[in-house]
Amino acid sequence: RRHFALGLLTSVTFTLCVGVVQTVACLSRVPQVALGIGTLVALTLHIKEWRKHWEMPKVRAGAGEMMQNVLERCHKLNHIYRPSLVCTHAKAQFMVQWLMNRVYGDHWNYFEAEQFVLRDGQKASLMWLKESLRDGDPNNTDDDDDRPILALLYGVTGMPGNLVPWAKAAYKMSGWKVVVINRRGHTSPLTVPTFNIAGCLDDMACGVYHIQQHHPKSRLYCMGSSAGSGMVARYCDDPESCQFAASVAISCGFDFRGCIEAMNTTVSAALANMVRRFFMFRNKSLLEDQPFWKPLLEAKDLKEFISHMHNVTGHKSEEEYYDEHSADLQKPTAPVMFINAYDDPVFHGSFTFQHEKFAEVNPNAVFVQVNKGGHMTFYTGIAHLWAVEVGMQFLMAHHEEWLLQQAQKSQEGSEGGPKAQAA
């Protein structure tokens with residue numbers, strides 16, 4: 001299928017080039033041959049430039065023995081990473097992502113909803129990928145279905161439809177149950193006048209608890225992107241309370257304050273407008289009488305917007321809000337893989353790449369870095385989800401390693417029983 005897609009892409013590109021050449025030739029006096037040669041030269045230069053971006057992924061991992069065994073099974077990390085020929089640039093990848101989001105916008109065709117209530121009474125939901133459920137009903141618990149569960153977390157203004165390609169690719173690779181944990185204010189209107197653009201860990205913990213209550217035999221794994229990856233990093237800080245056996249964080253900003261201050265001013269202003277439309281204008285009747293409404297409305301960029309977020313979330317200060325939403329990688333965490341691109345227009349590699357140094361003190365962290373990948377996209381081929389495949393190989397390898405360890409413990413226990421009785 002991949003070869004067919006590449007062949008089709010080549011044919012379409014050639015046809016478009018011929019059409020453009022003929023059109024321009026008809027509208028000008030430049031001969032078709034000259035235009036054809038010019039087009040061919042441009043394509044050749046583009047392919048030559050594209051080949052410069054082929055690279056081996058840079059991997060820096062903690063020294064944990066289990067982590068090393070897991071990485072040996074991640075075969076895609078041992079192959080050359082080739083960014084998409086069609087959309088090598090981060091902005092081009094963003095446009096393809098935008099089109100994909102429009103295609104999968106109606107998430108009800110792909111997910112089955114399961115409602116639950118947060119601690120303050122706000123309603124939230126889980127979205128289960130329909131094809132990953134054996135009976136199609138997430139409320140029915142099959143005692144024999146102990147397949148692992150992959151929880152997906154989206155970005156700051158994400159919706160379940162954004163993760164349909166991710167969910168389908170993950171299910172195709174693993175056969176696991178796949179669920180999206182929705183945050184407050186994303187899929188249903190706010191009924192409590194509070195929201196959090198970075199995501200609330202307590203809300204996510206409620207969703208995780210709800211999953212565990214209905215699927216007690218299934219091990220939990222997680223994959224988050226952008227703001228969702230920040231939640232993954234923070235949740236994995238405490239390996240004792242973390243309920244995820246292993247996690248993947250794609251396009252993570254690591255230090256929340258640092259990445260906001262390092263953010264491009266144009267991107268920062270655009271994101272401030274996005275979160276205003278997404279959270280505030282959609283819930284205007286509930287929020288416009290709140291004291292934080294005017295300062296958030298007048299914020300010029302995301303940094304100024306976040307400076308008032310502690311008044312929305314109930315934190316004592318801006319500093320406390322930033323501290324709670326930054327990952328602490330200087331100590332051992334639950335197993336987690338971070339995947340970042342240097343050309344990320346939101347969390348640029350000049351800031352994020354420096355965090356690979358924490359692999360020296362964190363035996364359970366893996367940092368995977370490439371130069372071309374954009375923000376959350378990492379497209380290869382036409383729109384092939386390279387980061388999702390790498391992340392799933394990591395999670396599946398971790399699960400296989402755990403099963404192997406459990407089998408060894410069981411075997412040692414069965415061998416020790418008769419010997420103990422004989423003694």
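This text leads through the fold, the nonpolar cores, one helix, the salt bridges and a surface patch of the structure above. The model is a predicted one.

The protein chain folds into 16 helices and 11 strands. Of its 423 residues, 49% count as buried. The contacts within the chain reach far along the sequence: when residues at least 6 apart are considered, 77% of the contacts join residues at least 24 apart. Towards the outside, the protein chain exposes about 20600 Å², with carbon and sulfur atoms supplying 55% of that area.

The interior may be taken next. In soluble globular proteins, nonpolar side chains tend to be buried together. Here the largest nonpolar core has 48 residues, and the members that touch the most others are Met 223, Met 337, Ile 339, Phe 394 and Leu 395. Helix H16 (residues 386–422) contributes the largest share of this core, namely 9 residues. A second, separate core comprises 35 residues, among them Met 204, Val 208, Cys 222 and Phe 254.

Met 337 illustrates how the larger core draws on separate stretches of sequence. Leaving aside neighbours within four places in sequence, Met 337 is in contact with Leu 71 and Leu 77, with Ser 247, Val 248 and Ala 249, with Val 366 and Val 368, and with Val 390, Gly 391 and Phe 394.

Helix H9 (residues 265–280) offers a check on geometry. With 16 residues at 1.5 Å a residue, H9 should span 22 Å, and its end C-alpha atoms are indeed 22 Å apart, so expectation and model agree. The buried residues of H9 are Ser 268, Leu 271, Ala 272, Val 275, Arg 276, Phe 278, Phe 279 and Met 280. These buried residues pack against helix H10 (284–287), helix H11 (293–298) and helix H12 (302–306).

Charged side chains provide further links, with 15 salt bridges counted in the model. In one of them, Glu 356 meets Lys 58 at 3.1 Å, N to O. Glu 356 lies in the loop between helix H15 (349–352) and strand S9 (365–370), whereas Lys 58 belongs to strand S1 (residues 58–61), so that the pair links parts of the chain 298 residues apart. Glu 356 is buried, with a relative accessible area of 13%, while Lys 58, at 44%, is partly exposed. Both residues also belong to a network of salt bridges that links Lys 58, Arg 60, Glu 356 and Glu 360.

A further salt bridge joins the side chains of Lys 168 and Glu 131 at 2.9 Å, N to O. Lys 168 sits in helix H5 (residues 164–174) and Glu 131 in the loop between strand S3 (123–129) and strand S4 (149–153), 37 residues apart. Lys 168 is partly exposed at 30% relative accessible area, and Glu 131 counts as partly exposed at 39%.

Arg 257 and Glu 319 form another salt bridge, their closest N and O atoms being 2.9 Å apart. Because Arg 257 lies in helix H8 (residues 256–262) and Glu 319 in helix H14 (residues 318–324), this pair ties together parts 62 residues apart in sequence. Arg 257 is partly exposed at 24% relative accessibility, and Glu 319 is partly exposed with a relative accessible area of 43%.

Finally, the surface carries a nonpolar patch of about 440 Å², made by Phe 94, Met 95, Trp 98 and Leu 99. Leu 99 is located in helix H4 (residues 90–103).

Notes: Residues are numbered from 1 along each chain as its sequence is written. This is a predicted model: local features need pLDDT of at least 70, side-chain atom pairs count only at pLDDT 80 or more; totals for chains, interfaces and linings use all residues. Side-chain values use heavy atoms; hydrogens and water are left out. Patches are made of residues with over 30% relative accessible area and no salt bridge: like charges are joined within 9 Å, nonpolar side chains (Val, Leu, Ile, Met, Phe, Trp, Tyr) within 5 Å. Accessible areas come from the Shrake-Rupley method with a 1.4 Å probe; for residues, only the protein chains shown count as cover. A salt bridge is a side-chain nitrogen of Lys or Arg within 4 Å of a carboxyl oxygen of Asp or Glu. Helices (H or I, at least four residues) and strands (E, at least two) are DSSP runs, numbered from the N terminus. A nonpolar core is a set of buried Ala, Val, Leu, Ile, Met, Phe, Trp, Tyr and Cys residues joined through side-chain atoms within 4.5 Å. Buried means under 20% relative accessible area, exposed over 50%, partly exposed in between (1.4 Å probe, protein chains only). Contact means heavy atoms within 4.5 Å. The expected span of a helix is 1.5 Å times one less than its number of residues.
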